[in-house]
Amino acid sequence: MSQVRGGTRWKRFAVVMVPSVAATAAIGVGLAQGALAASFSVSGQSFKVTADALDGKDFLQYGSLAQGTDLKGNKTAHPVAVSAFGSATITNMCQSVVTPDVPIFGNVSLELRAGGKGTPVEAENLYLDVASLEANATFKNIDIGVAAGDKNNKPGIQPGTQANPFGFAQRAEEAHLTKVKQTAWATTAGTFKLSGLSMKLHKGVKECY
């Protein structure tokens, strides 16, 4: 590839890839200051995540809205089920996001993998804005039907989010999920330690599931 060709095309490619990079930024970076308010505008792309296992403590799940824009910049909002964990370990995690219609290249997929070499991913104050989820799940000491804003909920509703504190929620001391498949709009965490991190770009559609 000539230098001129590479410089021109990769600049155009980078501009189009910005939304997909933004969609994965919360997972790719450890936020050392504790759980941040999810008041950011979500990108116009959802992303898929799989894991062999997710083991969490202080589990809380409630309904909320993820607000942002579509890929054309139009404002939109997505109903989500927020799955929150005070702490969690994730084994053999895969995350993928597809950016459509990249000039010259067509569809381009971003694939991220971690926690698959004997050391799981570790997270603190983890919040997942989930659109769909498939898994086998076991809960310890679960309460179903509590108010989302109950003072005994841990880790509690994330500040700055569009959640009704009087709405339906469920909580448990521990949650064990296996064969996890989910589509999400956002992930935030106080800290996110990715062991064995690998990130690759693929031409075409290559998703975790």
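This is a chat between a trainee and a mentor about a predicted model of a protein.

Trainee: Hi! Where do I start: how many helices and strands does the protein have?
Mentor: Welcome! This is a predicted model, and its secondary structure comes to 1 helix and 8 strands.

Trainee: And in what order do the elements run from the N terminus?
Mentor: The helix comes at the start, and the strands follow it: α-β-β-β-β-β-β-β-β.

Trainee: What share of the residues is buried?
Mentor: Of the 209 residues in the protein, 41% are buried. As for the surface, the protein exposes about 10,900 Å², with carbon and sulfur atoms supplying 53% of that area.

Trainee: How far apart in sequence are the residues that touch?
Mentor: Take the contacts between residues at least 6 apart in sequence: 83% of them join residues at least 24 apart.

Trainee: Can you show me one residue with its contacts? What does V121 touch?
Mentor: Sure. V121 is found in strand β5. Setting aside neighbours within four places in sequence, V121 is in contact with A88, T89, I90, A114, G115, F192, K193, L194 and S195.

Trainee: Is V121 buried or exposed?
Mentor: V121 counts as buried, because its relative accessibility is 0%, and the cut-off for buried is under 20%. You could also look at M93, which is 28 residues from V121 along the chain; their C-alpha atoms are separated by 7.6 Å.

Trainee: What about N125, where is that one?
Mentor: N125 is found in strand β5 too. N125 is partly exposed, with a relative accessible area of 29%. The C-alpha atoms of N125 and Q158 are separated by 9.4 Å, and the two residues are 33 apart along the chain.

Trainee: New topic! How many disulfides are there?
Mentor: A search of the whole structure finds 1 disulfide. The partners are C94 and C208, with their sulfur atoms 2.0 Å apart. The link is left-handed, with -80° about the S-S bond.

Trainee: Which parts does the pair tie together?
Mentor: C94 lies in strand β3 and C208 in the segment after β8, so the pair ties together parts that are 114 residues apart in sequence.

Trainee: Are those cysteines buried or exposed?
Mentor: C94 is buried, with a relative accessible area of 1%. C208 counts as buried as well, at 18% relative accessibility.

Trainee: How many cavities does the structure hold?
Mentor: There is 1 cavity of 30 Å³ or more, and the volume of the largest cavity is about 100 Å³. The largest cavity is lined by 12 residues, and the closest to its centre are V49, L54, I90, L128 and Q182. The elements giving two or more residues to this lining are β1, β5 and β6.

Trainee: What kinds of residues make up the lining?
Mentor: The lining divides into 10 nonpolar residues, 2 polar and no charged.

Trainee: Last thing: which backbone angles should I look at?
Mentor: Most residues other than glycine have a negative phi, and most peptide bonds are trans. D101, in strand β3, has a positive phi near 55°, and D101 is exposed at 66% relative accessible area. I104 has a positive phi near 75°; I104 sits in the loop between β3 and β4 and is partly exposed, at 46%.

Trainee: And which peptide bond is cis?
Mentor: Look at the bond from K154 to P155: it is cis, with omega near 0°. P155 has its place in the loop between β5 and β6.

Conventions: Residues are numbered from 1 along each chain as its sequence is written. This is a predicted model: local features need pLDDT of at least 70, side-chain atom pairs count only at pLDDT 80 or more; totals for chains, interfaces and linings use all residues. Side-chain values use heavy atoms; hydrogens and water are left out. Helices (H or I, at least four residues) and strands (E, at least two) are DSSP runs, numbered from the N terminus. Buried means under 20% relative accessible area, exposed over 50%, partly exposed in between (1.4 Å probe, protein chains only). Contact means heavy atoms within 4.5 Å. Accessible areas come from the Shrake-Rupley method with a 1.4 Å probe; for residues, only the protein chains shown count as cover. On a 1 Å grid over the protein atoms alone, a cavity is a set of points where a 1.4 Å probe fits but cannot get out, and a pocket is an open set with protein on both sides within 12 Å along at least five of seven lines; lining residues have an atom within 4 Å of a point. Grid points are joined across faces, edges and corners, and a volume is the space filled by probe spheres set on the points. Ala, Val, Leu, Ile, Met, Phe, Trp, Tyr, Cys and Pro count as nonpolar, Asp, Glu, Lys and Arg as charged, and the others, Gly among them, as polar. A disulfide is a pair of cysteine sulfur atoms within 2.5 Å.
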